[in-house]
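Trainee: Could we go through this structure together, one question at a time?

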Amino acid sequence: MSTYRRLHDGWTLSAITGDRDITSVAATVPGCVHTDLLAAGLIDDPYRDDNETRLTWIGRTDWSYRTAFDWRPDGAVRTDLVLAGLDTVAAVHLNGVRIADTANMHRRYRLDVGALLVEGANTLEVVFRAPYDYTDERQAAYGPLPGPYDEPYQFIRKMACNFGWDWGPTLVTSGIWRPVSLHSWSGTRLAEVRPQVRADGVDLHVRVERTDDAPVTVTATVAGRTAEAVLPAGQDEAVLRLDVPDARLWWPRGYGEQPLYPLTVTAGADSWTRKIGFRTVQLDPDAFRLIINGRPVFVKGFNWIPDDCFPNRVTPDRLARRFGQAIDAGANTLRVWGGGLYETDDFYALADELGLLIWQDFPFACAAYPEDDLMRAEVEAEARENVVRLMSHPSLVIWCGNNENIEGYQHWDWREPLAGRDWGAGFYFDLLPRVVAELDPTRPYWPGSPYSGTPDRDVHDPSTGTIHIWTVWGREDYTFYGTYTPRFVAEFGFQGPPTYATLRASVSDEPLAPDSPGITHHQKATDGNTKLLRGLGEHLPRPDNFADWHYYTQLNQARAIAYGVNRFRALMPYCMGTIVWQLNDCWPVTSWAAVDGDARRKPLWYELRRSYADRLLTFHDDGLAVVNDTDQPWRTDLTLARLDVHGQPLAKDAVAVVVAARSVVQVRLADAVAVPGDPSRELLLAEADGLRAMRMFAEDPVMDYPVADFDATVEPTADGVAVHITALTLLRELALFPDRLDPAATVDEQLVTLLPGESVTFHVTTDRPLDPALLLAYPVLRTVNEARP
Ligand code: BMA
């Protein structure tokens, strides 16, 4: 037999240290202290205003989770308590007996509890030690270690960004964050199944645990093929080979389909099923190209952070919506960043179905980590467990040792504070690659990001490995992306505030101002708001009110990232990847995200949808790049024109272009088109097959744009309104912000430039009747025409 029973009912939460009287509050499992206290009305919403600052005590308190459950002997030989995730330093007590001590959020625990269970009422208690007490103790014993944040996250195996980040609040959680069950079983249990998938089959490494000596038959089935092994007494491991020569290959989206095949393994009464995809993956380390089924893939990606500070709130539905936003923007890859988690099984299963490639960092980020025995044992255990847990997923294509720790060692003045002590190199260069090679040799491992291929080569070397480009956000104008000729950009980002509706709902300042307390609190980056303004450079005017600040900084974010993406795509195949920092936010905040903390798309998202489209036209200093990231050659008659700001052609050219599949053609521009007579009154236009690239010859504040004029109609539709705009003058980057009128309203398009006579329809989804006069006026409808110095 083999039966699981969830133990998710009847939990209560009590504070067992500190001076607050919190006793037997109803608790949710899986969950955490913050969400329980919030549900009980004992704390204010941590995401609102600066409430976060009044909640630090939670991470400094010991907590007890307690439940009682009925149990009757069910004939099983073994009954195991299975704890899929405890956050973090915990003692587990069953019927008053301490049965486990844990100190790693990234592990699961299975405890044989049959001897302790009693017929009738049983009690289960998990006592969590205050995370800060534990890290204080560890830090005192080891000595402080360098890192950019004044938080001790490297001393505990817990999601690092839980301690705050330059986009996230410091909300240090405790709790039972993943399911708890009792597993009753007799005979045989499948203790570990490791499918090493090939293009034409799968090798299965199976380990069983058993309660008796009877021979056990292990059977594996996939795609109509079956393999079997009989394990005699004393033998607990088998390797089964299944050949599927006619398997249909699994491809990343944009390269083919994603056929998934259920793979089932049975042993006695236990069985295990996962959907696998047949494919190969290799990493060409010099060029840093990911090669799937023999074909190099240009990575168009997003960095992924935990979608909520309280990961138990991230439901499968929510993941599906967020992944939908990533793929609708044209992405084929998510990089699960090292300051977060090994994500849930649902996460990778969804990526398998959608053909989204997953780059998985091991959870180490931006700090020197201790390498003492305790840490090494935890790291090895969690790595072994998660490599095995995730290896059935075709979407997972690369393991990466850490985020920015090798860079930290090379560039962030760590040597002196380290004084010769270890900093984590033993994990990234030895332990983790050893674990991956032993358990899952089908996947490449890369020691860190950024990383240039050997430990002594500068991680900033763009000619090899991955780089992260932070010079732009930190100090340079975004056109500085144009000075890079990288192999693979695994991070680059530019901030913008969240949508208006998101800010309005999370900040109660009246009025909202760029420097009002709530807006300031919901900006976590060092000098973030100063950098937002500096980043406007010559591109857009200095805003002098909140609405303009919000609009220009959002617009500038969109332009900056599009500039970088377009540059890197134009360098294909020398450059084979661009992973934007970052897709999502974990709360409402001004950040580098394309989708804000309340799931609303920022202007960046819409601009990226153009920049990540399969076909792209993009101007650069020497001409125009015509990018074709499809499997078909692209034959097109490209038209090029120099126009005045009233749309009148001053010079024209036509070029027949053939762009081979998955390649780029560079088109040089004739001087008649490329050289302006009066830069402030002229622009450059390229068009092909309905695609367009446009470049102003001067920055917007000096462009002599006409005052925006247009005809507009607003018509009701089944789910909102259609806003038709016909341009009477050039309209530069028309945008509509209906969330200013109805927080639930969404719009399907943003940042559309129209020449006189051209039209666009914005489809607004809303339940409310929106006043057309408000919809068509400042600050809801915007163009850059008004952007005067
Ligand atoms: C990189 C990331 C994150 C950070 C981002 C923005 O360092 O790896 O740590 O949030 O830049 O500063």
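**The ligand and its surroundings**

Mentor: The residues around the ligand, that is, those with a heavy atom within 4 Å of it, are W165, D166, W167, W337, C366, N403, E404, W470, E491, W581 and W592. This is a predicted model, in which local features need pLDDT of at least 70 and side-chain atom pairs count only at pLDDT 80 or more, while totals for chains, interfaces and linings use all residues. Residues are numbered from 1 along each chain as its sequence is written, and side-chain values use heavy atoms, with hydrogens and water left out.

Trainee: How far is a polar side-chain atom of W167 from an oxygen atom of the ligand?

Mentor: A polar contact is a pair of N or O atoms within 3.5 Å. For W167, the distance from a polar side-chain atom to a ligand oxygen is 2.7 Å.

Trainee: Between which domains does the ligand lie?

Mentor: The bounds come from an automatic or database domain assignment. Because both domains give residues to the shell around the ligand, it lies between domain 1 (2-183) and domain 3 (288-511 + 558-599).

Trainee: C366 is one of the residues around the ligand; is C366 buried or exposed?

Mentor: Buried means under 20% relative accessible area and exposed over 50%, with partly exposed in between, using a 1.4 Å probe and protein chains only. C366 has a relative accessible area of 5%, so C366 is buried.

Trainee: Why is the sulfur of C366 not in a bond with the closest cysteine sulfur?

Mentor: A disulfide is a pair of cysteine sulfur atoms within 2.5 Å. The closest cysteine sulfur, in C161, is too far for a bond, because its distance from the sulfur of C366 is 11 Å.

Methods. Polar contact = N/O pair within 3.5 Å; in protein donor to acceptor, adjacent residues only side chain to side chain.
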